[in-house]
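Student: Could we go through this structure by question and answer, beginning with the terms that the description relies on?

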Protein chains: 2
Amino acid sequence: MSTVENMKYWVGLDLGGTKMLATVYDAEFKPLGRKRRRTKGSEGADSVTNRMIRTLRDAIEEAKLTPEQVAGIGIGIPGPVDQAKGIVLEAVNLSWENVPLAKLVRSEFDRPVVVLNDVDAGVYGEYRFGAAKSARTALGIFPGTGIGGGCVYDGQIIRGKRNSCMEIGHISIMPDGQLCGCGLRGCLETEASRLAISAEVAKAAYRGEAPHVMKTVGTTLADIRSSVLAEAIAAGDKVVEQIVRRAARILGTAVATSVHLLCPDVIVLGGGLVEAMPELYVETVASAAKKAVMPSFADTFKVVAAKLGDDAGVLGCAAWAEKTFSD
Amino acid sequence: MSTVENMKYWVGLDLGGTKMLATVYDAEFKPLGRKRRRTKGSEGADSVTNRMIRTLRDAIEEAKLTPEQVAGIGIGIPGPVDQAKGIVLEAVNLSWENVPLAKLVRSEFDRPVVVLNDVDAGVYGEYRFGAAKSARTALGIFPGTGIGGGCVYDGQIIRGKRNSCMEIGHISIMPDGQLCGCGLRGCLETEASRLAISAEVAKAAYRGEAPHVMKTVGTTLADIRSSVLAEAIAAGDKVVEQIVRRAARILGTAVATSVHLLCPDVIVLGGGLVEAMPELYVETVASAAKKAVMPSFADTFKVVAAKLGDDAGVLGCAAWAEKTFSD
């Protein structure tokens with residue numbers, strides 16, 4: 001695209017279930033303008049799309065630019081996308097299905113638009129600017145309500161024929177295990193997600209074994225968040241630490257499976273759980289993974305905490321737009 | 001490499017534990033010359049290397065060419081390689097370690113040489129010319145004594161920083177399972193390889209439950225080969241069929257793990273076991289895999305039998321040389 005050569009500004013937008021964040025970057029990916037807005041997913045796809053367009057416009061304005069000066073826009077979506085067609089196949093939290101998002105945004109700004117999965121965007125951000133910088137194969141894992149995954153191989157986001165892949169949360173770790181939200185049983189998510197940890201901690205609290213948790217939030221699952229878990233461990237709730245470590249060990253065996261298949265040199269762990277207790281969590285995962293791989297693979301990878309926090313996604317979106325429209 | 005442009009001939013050599021096969025191809029990959037020779041691995045790396053060079057020379061002669069007309073040579077090795085440096089890191093069956101093979105062969109013919117893993121070569125061959133032609137992501141699985149795997153993504157053989165990857169035989173499928181040759185426990189190989197099947201069949205024969213096997217080869221593990229298994233099933237040894245189907249189902253769950261991580265569109269199954277009973281084996285793997293993936297992934301992949309047999313490896317070697325030295 002020869003028309004792109006004279007332009008140096010890239011825009012990322014990370015769409016989440018509760019908020020969206022748009023940032024405008026210069027050619028060196030220094031942020032020039034930034035705008036946050038609530039998603040309000042319940043108002044429907046049209047409303048959310050309009051809010052996204054306003055957010056992009058505000059960020060571009062804050063950067064003191066006009067849309068014409070933007071070389072490309074990358075948008076990260078919480079769900080599978082068809083990158084080639086720029087269609088959001090599904091976004092469960094937003095009740096979206098087959099939304100031609102790239103076309104909608106392009107018709108508004110008349111600039112190139114690329115749509116990608118938000119986890120892929122986060123991993124790409126960490127690969128370009130963060131904890132997995134310059135890795136040949138970077139695997140990102142984000143334990144939360146579920147467990148998201150993404151992989152950058154040789155500078156490319158690995159994806160399936162139509163959609164994103166790296167559904168590490170759904171690899172089987174326990175035959176006839178607990179029911180997963182996807183309909184299968186014994187998926188990694190059922191034992192190692194933040195939600196699985198919270199449920200196990202709630203049981204322990206109910207039994208009187210996690211006094212700090214009981215005192216601060218009780219047994220309400222939705223309130224047993226990552227920060228609560230970290231505080232409880234610091235306050236001496238031993239059983240909470242044991243529960244978190246078990247989940248991290250199980251995640252470590254899933255990391256080992258990924259190592260056997262893909263041989264990533266860097267595995268980046270991110271999300272609230274990791275941010276709340278980076279050392280305990282990352283070290284436990286790393287040590288379990290090293291034990292579970294073939295001896296010759298033990299020194300081929302490192303496990304690290306993500307560095308960029310919320311910026312990983314929006315940076316990854318903008319950088320992926322750069323990669324897509326500069327090649 | 002501009003010097004390559006006028007040359008159209010590519011040579012592949014597939015080095016196995018017992019025999020080697022070299023083939024010379026024209027630009028359309030029509031075979032022009034071919035030579036087989038026994039490997040005689042026990043005579044040491046120097047001897048084997050010399051036999052490889054003689055085999056290459058013979059094949060080139062049979063094609064009525066001179067080495068100068070060869071654009072590139074690709075060599076497949078039963079073990080991990082450092083592709084970038086052209087070094088065979090290890091070939092257990094040949095007692096090789098850190099053999100600078102590309103350099104040795106290059107010094108003999110003064111032509112570009114690329115070294116790759118033999119399973120990778122087989123998958124690449126099936127991707128270019130066989131059962132996985134034009135797949136975006138082709139995953140190859142070859143159950144034998146162990147279970148080899150390889151993956152071609154977007155035209156590239158996926159590999160780790162230093163070596164080949166896709167060690168699907170060593171992903172964990174049974175916590176505290178049987179001891180694997182790699183030192184871990186419960187690897188896929190321990191329950192689903194041809195060797196695992198043979199051991200289970202030998203037990204059944206010993207107990208009197210596999211009369212055809214008992215009559216033809218007895219309980220000697222080394223003699224219970226894929227063809228014997230197929231014959232026993234055809235002759236009515238029901239328990240042999242049950243054992244093979246169980247192994248295939250377990251392999252199917254490992255396929256599901258690969259689908260969740262990599263979303264391959266084609267999974268190619270090859271090797272002696274598959275060739276001896278393609279329908280029974282492929283259908284059982286496919287059906288188990290479809291059941292073990294998330295519903296939305298069930299129609300994203302197909303499981304097929306390899307098409308090229310022994311030619312897959314040598315074709316893949318030559319075609320990888322073409323890809324490497326034409327890019």
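Tutor: Helices (H or I, at least four residues) are DSSP runs numbered from the N terminus, and axes are lines fitted to C-alpha atoms, for helices over the stretch in contact, with angles running from 0 to 180 degrees between N-to-C directions. This is a predicted model, in which local features need pLDDT of at least 70, side-chain atom pairs count only at pLDDT 80 or more, and totals for chains, interfaces and linings use all residues. Residues are numbered from 1 along each chain as its sequence is written, while chains are lettered from A and ligands numbered from 1 in the order in which they are written.

Student: At what angle do helix H8 and helix H10 of chain B pack?

Tutor: H8 of chain B spans residues 238-262 and H10 of chain B spans residues 278-292, and their axes lie 7 Å apart. The pair is oblique, because its angle is neither under 35 degrees (roughly parallel), nor over 145 (roughly antiparallel), nor 65 to 115 (roughly perpendicular). The angle between H8(B) and H10(B) is about 45°.

Student: Which rotation superposes chain B on chain A?

Tutor: Superposition is by least squares on the C-alpha atoms of residues with pLDDT of at least 70 in both copies. Chain B fits chain A with an RMSD of 0.0 Å and a shift of 0.0 Å along the axis, after a rotation of 180°. The two copies are therefore related as by a two-fold rotation axis.

Student: Which C-alpha of chain B is nearest the axis?

Tutor: The distance from the axis to this C-alpha is 3.9 Å. The residue in question is Ile173(B).

Definitions and conventions. Helix = DSSP H or I, 4+ residues; strand = E, 2+ residues; numbered from the N terminus.
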